[in-house]
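Here's a protein chain to explore together. Take a look at the fold, and we'll walk through it strand by strand.

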Amino acid sequence: MTAFPDVLALLCAQLPPAIGDVRCVTDLHEHVVAPIVQLAEIPGGGALHKPFNGPPLTEQYDVDVVVFGDSTVPDAVGRTRDLAQQVRDVINAWSSPGVTVDERRRPTRLPDFNPSLLRFGSTVRFTAARVP
(Lines give C-alpha, C1' and ligand atoms only; values in the text may rest on other atoms or scores of the structure.)
Protein backbone atom coordinates (compact mmCIF):
# COMPACT_ATOMS: atom_id res chain seq x y z
CA MET A 1 0.00 0.00 0.00
CA THR A 2 1.25 3.49 -0.75
CA ALA A 3 1.93 5.98 2.02
CA PHE A 4 0.87 9.54 2.68
CA PRO A 5 3.57 12.17 2.10
CA ASP A 6 5.32 13.62 5.16
CA VAL A 7 4.03 17.19 4.93
CA LEU A 8 6.31 18.58 7.65
CA ALA A 9 9.46 17.07 6.13
CA LEU A 10 8.56 18.34 2.66
CA LEU A 11 7.89 21.86 3.95
CA CYS A 12 11.06 21.95 6.06
CA ALA A 13 13.09 20.98 3.02
CA GLN A 14 11.51 23.58 0.73
CA LEU A 15 11.09 26.62 2.99
CA PRO A 16 14.75 27.59 3.70
CA PRO A 17 15.83 28.11 0.08
CA ALA A 18 12.67 30.13 -0.60
CA ILE A 19 13.00 32.45 2.42
CA GLY A 20 16.72 33.17 2.52
CA ASP A 21 18.13 30.15 4.33
CA VAL A 22 16.25 30.74 7.58
CA ARG A 23 16.30 27.48 9.54
CA CYS A 24 13.13 25.43 9.60
CA VAL A 25 12.57 22.87 12.37
CA THR A 26 9.85 20.56 13.64
CA ASP A 27 11.27 20.27 17.15
CA LEU A 28 12.31 23.46 18.92
CA HIS A 29 15.17 23.25 21.39
CA GLU A 30 15.53 25.24 24.58
CA HIS A 31 18.02 27.76 23.20
CA VAL A 32 16.54 29.32 20.07
CA VAL A 33 18.70 31.37 17.73
CA ALA A 34 16.39 33.59 15.67
CA PRO A 35 15.29 33.85 12.97
CA ILE A 36 13.82 30.36 12.81
CA VAL A 37 10.58 28.79 11.58
CA GLN A 38 8.94 26.01 13.58
CA LEU A 39 6.38 23.64 12.06
CA ALA A 40 4.26 21.49 14.37
CA GLU A 41 1.37 19.22 13.49
CA ILE A 42 -1.75 19.84 15.55
CA PRO A 43 -3.32 16.56 16.70
CA GLY A 44 -6.85 15.89 15.58
CA GLY A 45 -6.65 15.76 11.79
CA GLY A 46 -7.27 12.45 10.22
CA ALA A 47 -8.84 10.38 7.54
CA LEU A 48 -11.00 11.91 4.86
CA HIS A 49 -12.68 10.15 1.96
CA LYS A 50 -12.60 6.76 3.67
CA PRO A 51 -14.35 3.98 1.81
CA PHE A 52 -16.45 1.70 3.99
CA ASN A 53 -14.19 -1.27 3.34
CA GLY A 54 -10.68 0.10 3.02
CA PRO A 55 -8.04 2.55 4.14
CA PRO A 56 -8.58 6.31 3.79
CA LEU A 57 -7.85 7.87 0.43
CA THR A 58 -6.82 11.23 1.87
CA GLU A 59 -5.77 12.62 5.25
CA GLN A 60 -5.98 16.10 6.67
CA TYR A 61 -3.16 17.80 8.59
CA ASP A 62 -3.37 21.02 10.56
CA VAL A 63 0.07 22.61 11.02
CA ASP A 64 1.13 25.45 13.29
CA VAL A 65 3.65 27.69 11.55
CA VAL A 66 5.55 29.83 14.07
CA VAL A 67 8.20 32.36 13.04
CA PHE A 68 10.66 33.46 15.74
CA GLY A 69 12.52 36.73 15.36
CA ASP A 70 15.20 38.52 17.35
CA SER A 71 13.68 41.37 19.40
CA THR A 72 17.05 43.08 19.85
CA VAL A 73 17.53 44.10 16.20
CA PRO A 74 16.25 47.43 14.79
CA ASP A 75 12.61 47.26 13.59
CA ALA A 76 12.30 43.78 15.11
CA VAL A 77 8.51 43.60 14.89
CA GLY A 78 8.51 44.69 11.25
CA ARG A 79 11.25 42.26 10.27
CA THR A 80 9.60 39.32 12.02
CA ARG A 81 6.18 40.20 10.58
CA ASP A 82 7.69 40.45 7.08
CA LEU A 83 9.39 37.07 7.47
CA ALA A 84 6.11 35.51 8.67
CA GLN A 85 4.33 36.99 5.64
CA GLN A 86 7.07 35.68 3.36
CA VAL A 87 6.67 32.19 4.86
CA ARG A 88 2.90 32.45 4.32
CA ASP A 89 3.38 33.48 0.69
CA VAL A 90 5.71 30.51 0.06
CA ILE A 91 3.22 28.10 1.64
CA ASN A 92 0.33 29.58 -0.36
CA ALA A 93 2.26 29.02 -3.60
CA TRP A 94 3.71 25.66 -2.52
CA SER A 95 2.89 22.53 -4.44
CA SER A 96 4.02 18.99 -3.90
CA PRO A 97 2.73 15.72 -5.38
CA GLY A 98 -0.20 14.51 -3.32
CA VAL A 99 -0.43 17.60 -1.07
CA THR A 100 -2.90 20.47 -1.30
CA VAL A 101 -2.92 23.62 0.81
CA ASP A 102 -6.58 23.85 1.88
CA GLU A 103 -6.90 26.64 4.38
CA ARG A 104 -4.58 29.39 5.54
CA ARG A 105 -4.73 32.04 8.19
CA ARG A 106 -2.66 35.18 8.27
CA PRO A 107 0.21 35.32 10.75
CA THR A 108 -0.51 37.14 14.02
CA ARG A 109 1.80 38.18 16.81
CA LEU A 110 1.95 35.72 19.70
CA PRO A 111 3.20 36.31 23.23
CA ASP A 112 6.51 34.77 24.28
CA PHE A 113 8.04 34.39 27.73
CA ASN A 114 11.50 35.19 26.36
CA PRO A 115 11.94 38.97 25.99
CA SER A 116 14.67 38.54 23.37
CA LEU A 117 12.30 36.72 20.98
CA LEU A 118 9.27 37.76 18.95
CA ARG A 119 6.75 35.23 17.62
CA PHE A 120 4.29 35.37 14.76
CA GLY A 121 2.16 32.32 14.12
CA SER A 122 -0.53 30.94 11.87
CA THR A 123 -2.29 27.67 11.16
CA VAL A 124 -2.39 25.97 7.79
CA ARG A 125 -4.54 22.98 6.79
CA PHE A 126 -3.21 20.49 4.26
CA THR A 127 -4.89 17.56 2.54
CA ALA A 128 -2.64 14.71 1.48
CA ALA A 129 -3.39 11.85 -0.87
CA ARG A 130 -1.48 8.60 -1.02
CA VAL A 131 1.49 8.76 -3.37
CA PRO A 132 3.18 5.76 -4.95
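Which residue in β3 does Leu48 stand opposite? Leu48 stands opposite Thr58. Before going on, note that this is a predicted model: local features need pLDDT of at least 70, side-chain atom pairs count only at pLDDT 80 or more, and totals for chains, interfaces and linings use all residues. Residues are numbered from 1 along each chain as its sequence is written, and side-chain values use heavy atoms, with hydrogens and water left out.

Let's stay with strand β3, residues 58–70 (helices, H or I of at least four residues, and strands, E of at least two, are DSSP runs numbered from the N terminus). Strands pair if DSSP finds at least two bridges between them. On one side, 10 bridges tie β3 to the antiparallel β2, residues 36–48, and Ile36 has Phe68 as its bridge partner there. β3 also runs antiparallel to β6, residues 117–129, with 13 bridges; here Thr58 stands opposite Ala129. Since 10 of its 13 residues are buried, β3 is largely enclosed by the rest of the structure (buried means under 20% relative accessible area, with a 1.4 Å probe and protein chains only).

Now for β1, residues 23–25: 3 bridges join it to β2, in parallel, and Cys24 partners Val37.

What about the inside? The largest nonpolar core (buried Ala, Val, Leu, Ile, Met, Phe, Trp, Tyr and Cys residues joined through side-chain atoms within 4.5 Å) has 27 residues, and Leu39 and Phe126 are among those with the most contacts inside it. Elements giving it two or more residues include α1 (7–18) and α2 (76–93). A second, separate core of 5 residues includes Ile36 and Phe68, the bridge partners from before.

Note on methods. Buried means under 20% relative accessible area, exposed over 50%, partly exposed in between (1.4 Å probe, protein chains only).
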